Amino acid sequence: MNPKYLDQLEKLLPQRVGLIESRIWEAGRQVFSPMGRIRKPAVVVRPANREEVSSVMRWATETNTRVIARSGGHSFDAFCVQDNTVMLDLRDLNQATFEGDRMLKLMPTSTNASVNEVLSHVNYVLPGGDCPTVAMGGQAAGGGFGYLSRLFGLTLDSMVDTTVVTGDGQIVMASQAENSDLFWACRGGGGCAGIMTDMTFDLCPVKHVTCIKLDFQWEAAADILILFTEMMREGPIEMGLKLKIRTTGPGRFYDKSCKNSGYGGMPLVHLDGLFIGCEVAALEYLKPFLNHPSLIDSIVVEKDTYRDAMSQLVPFDLLHDPAPRNIHPIRVASDFSKGGINEDEAVAIVQFIDQLEYAPDLAGGCVLLESCNGAITDASISDTAYPHRNAELLIQWEMFHDVAVKPELIQRHDALLTGVRSELSRILTGGRYVNYADRLDTPRNWWGGNLERLQAITTKYDPNKQLISRMWPVECSEE
């Protein structure tokens with residue numbers, strides 16, 4: 001970086017600019033994906049408020065410097081940590097405030113855990129993800145799936161307004177009534193059109209919450225998978241479940257939330273989630289699973305609060321740290337599907353895990369399925385930048401690898417994904433989730449028919465492409 005430009009930046013934000021190997025710089029690289037911890041940004045800037053974010057973006061425009069924003073640092077490919085770039089580390093914009101009358105004010109690095117803590121004394125929730133250290137900036141910008149999505153929709157569906165710093169440093173309010181095009185792009189656009197520094201959400205009322213955790217023998221994996229998809233297609237929208245089909249054993253998967261996850265290296269089928277209602281009703285709906293002969297272990301228990309239920313579902317001992325050292329490097333890809341999964345397709349998913357478990361050149365992984373119907377489909381494809389309103393399932397493919405992943409293994413993973421996608425081609429929509437971005441994805445996969453509109457809005461608010469984003473990544477800087 002030009003020393004003159006760096007000097008300008010340090011004068012703008014004294015004590016908040018981190019050069020290589022400084023405390024601020026090292027903290028910026030500590031992200032969830034171990035891949036990010038071996039990359040080297042040129043400088044990390046840590047603004048204290050939206051005005052300082054604005055100052056950095058004005059500096060970036062004046063010096064023709066591109067900037068990448070980091071909120072929680074949970075992108076599975078560590079996208080926010082790029083070599084030789086300026087990182088805008090937003091960790092100090094982390095306030096979460098319950099305003100009363102169902103309104104919640106959030107800044108981008110407030111987390112699922114901090115939101116649940118703020119709301120622990122009221123019977124309101126913000127629909128969102130389950131990982132406690134995921135931050136709201138990226139979650140709301142991309143979508144925001146969770147156990148409550150079928151009942152209340154995505155995180156972004158609850159947003160009522162946001163304050164955005166644009167590519168040239170302007171501070172802009174956006175809502176349905178004001179700068180509605182920017183508001184549209186902020187909900188599902190993956191942060192391409194600007195940096196959200198403040199967000200307001202309309203909360204959802206919740207009283208009775210029943211926690212669900214079920215484990216099944218591997219031999220019944222295809223059968224349980226079909227039962228799950230039937231439940232998510234036909235069951236009550238108050239039932240939010242995730243199906244996790246995973247490898248186990250030393251070096252293959254470690255998850256204390258799953259009681260039998262290390263029982264000898266055989267894959268495991270794990271079903272967990274929430275029912276917004278009483279335990280008696282949940283037990284009735286879950287009979288097909290509870291009566292299944294392959295059931296190993298079950299917990300169905302009503303909790304006093306949503307926060308209590310989540311604390312039983314999520315392994316807080318693993319995920320209390322945004323950059324836990326015991327997390328495997330992991331490649332995550334995704335697909336959206338529509339239509340029920342038949343027996344052959346269920347077997348293809350099972351065989352994907354079989355290969356990850358038993359092939360000597362592979363290191364394990366997981367397939368996670370969650371429903372994206374119900375309230376998510378109440379909005380139309382064009383209502384927000386998020387386009388996948390006609391899908392029924394979100395499928396997450398996870399594959400472990402070393403930090404310094406070899407090209408041969410990347411190609412092997414590509415072949416696995418290509419093979420299973422071919423087997424599932426009847427039901428796959430072609431859409432993929434931007435928050436699970438993968439090397440095989442394109443912007444068309446993420447935004448479908450909304451792509452051109454999102455590009456136009458992004459260009460309007462960031463005409464010089466100062467923000468490095470999924471829309472305009474590093475290699476687009478000379479376009």
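In which strand does Gly-273 lie? The answer is β14, which covers residues 268-275, and this strand makes a good place to start our walk through what is a predicted model. Gly-273 has a relative accessible area of 0%, so the residue is buried. Its C-alpha sits 9.8 Å from that of Glu-370, although 97 residues separate Gly-273 and Glu-370 in sequence.

Stay with β14 for a moment and look at Asp-272, whose side chain meets that of Lys-244 in a salt bridge, with 2.9 Å from N to O. Lys-244 belongs to strand β13 (residues 239-246) and Asp-272 to β14, so this pair links parts of the chain that are 28 residues apart. Both partners, Lys-244 and Asp-272, are buried.

That brings us to salt bridges in general. Side chains of opposite charge can pair when their charged atoms come close. The count for this model comes to 27 salt bridges. One of them joins Arg-70 and Asp-89 at 3.7 Å, N to O. Here strand β3 (residues 67-70) supplies Arg-70 and strand β4 (residues 86-89) supplies Asp-89, with the two positions 19 residues apart in sequence. Arg-70 and Asp-89 are both buried.

If you follow the chain into the loop between β3 and β4, you come to Asp-77; its partner Arg-470 is in the segment after α16 (451-461), 393 residues apart from Asp-77. The side chains of Asp-77 and Arg-470 form a salt bridge of 2.8 Å, N to O. The two ends have their own surroundings: Asp-77 has a relative accessible area of 26% and is partly exposed, whereas Arg-470, at 14%, counts as buried. Elsewhere, salt bridges link Arg-331, Asp-414, Asp-438 and Arg-439 into a network.

Now let us turn to the aromatic side chains. A pair of aromatic rings is described by the distance of the centres and the angle of the planes. Searching the whole structure gives 13 aromatic pairs. In one of them, the ring centres of Phe-98 and Tyr-124 are 6.3 Å apart and the planes stand at 35°, so the pair is tilted. Phe-98 is in strand β5 (residues 96-100) and Tyr-124 is in strand β7 (residues 124-125), 26 residues apart. Phe-98 is partly exposed at 22% relative accessibility, and Tyr-124 is partly exposed at 27%.

For another geometry, visit Phe-352 and Trp-397: with centres 5.0 Å apart and planes at 65°, this pair is edge-to-face. Because Phe-352 lies in helix α13 and Trp-397 in strand β18 (residues 393-400), the pair ties together parts that are 45 residues apart in sequence. Phe-352 is buried, with 2% relative accessible area, and Trp-397 is buried as well, at 0%. You can also pick out an aromatic cluster made of Phe-32, Phe-76, Phe-145, Phe-336, Tyr-386, Tyr-433 and Tyr-436.

Finally, come out to the surface, where Asp-223, Glu-230, Glu-234, Glu-343, Asp-344 and Glu-423 form a negative patch. Two elements give two or more residues to this patch, namely α8 (221-234) and α13 (343-358). Helix α8 provides the largest share, three residues. Glu-234 is in this helix, and its relative accessibility of 71% is why Glu-234 counts as exposed.

How values were computed: Residues numbered from 1 in each chain as written. Predicted model: local features only at pLDDT ≥ 70, side-chain atom pairs only at ≥ 80, totals over all residues. Heavy atoms only, no water. Patch = residues over 30% accessible without salt bridge, like charges linked within 9 Å, V, L, I, M, F, W, Y side chains within 5 Å. Areas by Shrake-Rupley, 256 points an atom, 1.4 Å probe, with all protein chains shown as cover. Salt bridge = Lys/Arg side-chain N within 4 Å of Asp/Glu carboxyl O. Lys, Arg positive; Asp, Glu negative; His and termini not counted. Charge placed at Lys NZ, Arg CZ, Asp CG, Glu CD. Helix = DSSP H or I, 4+ residues; strand = E, 2+ residues; numbered from the N terminus. Buried < 20%, exposed > 50% of the residue type's maximum accessible area, 1.4 Å probe, protein only. Phe/Tyr/Trp six-rings, centres within 6.5 Å; stacked < 30°, edge-to-face > 60°.
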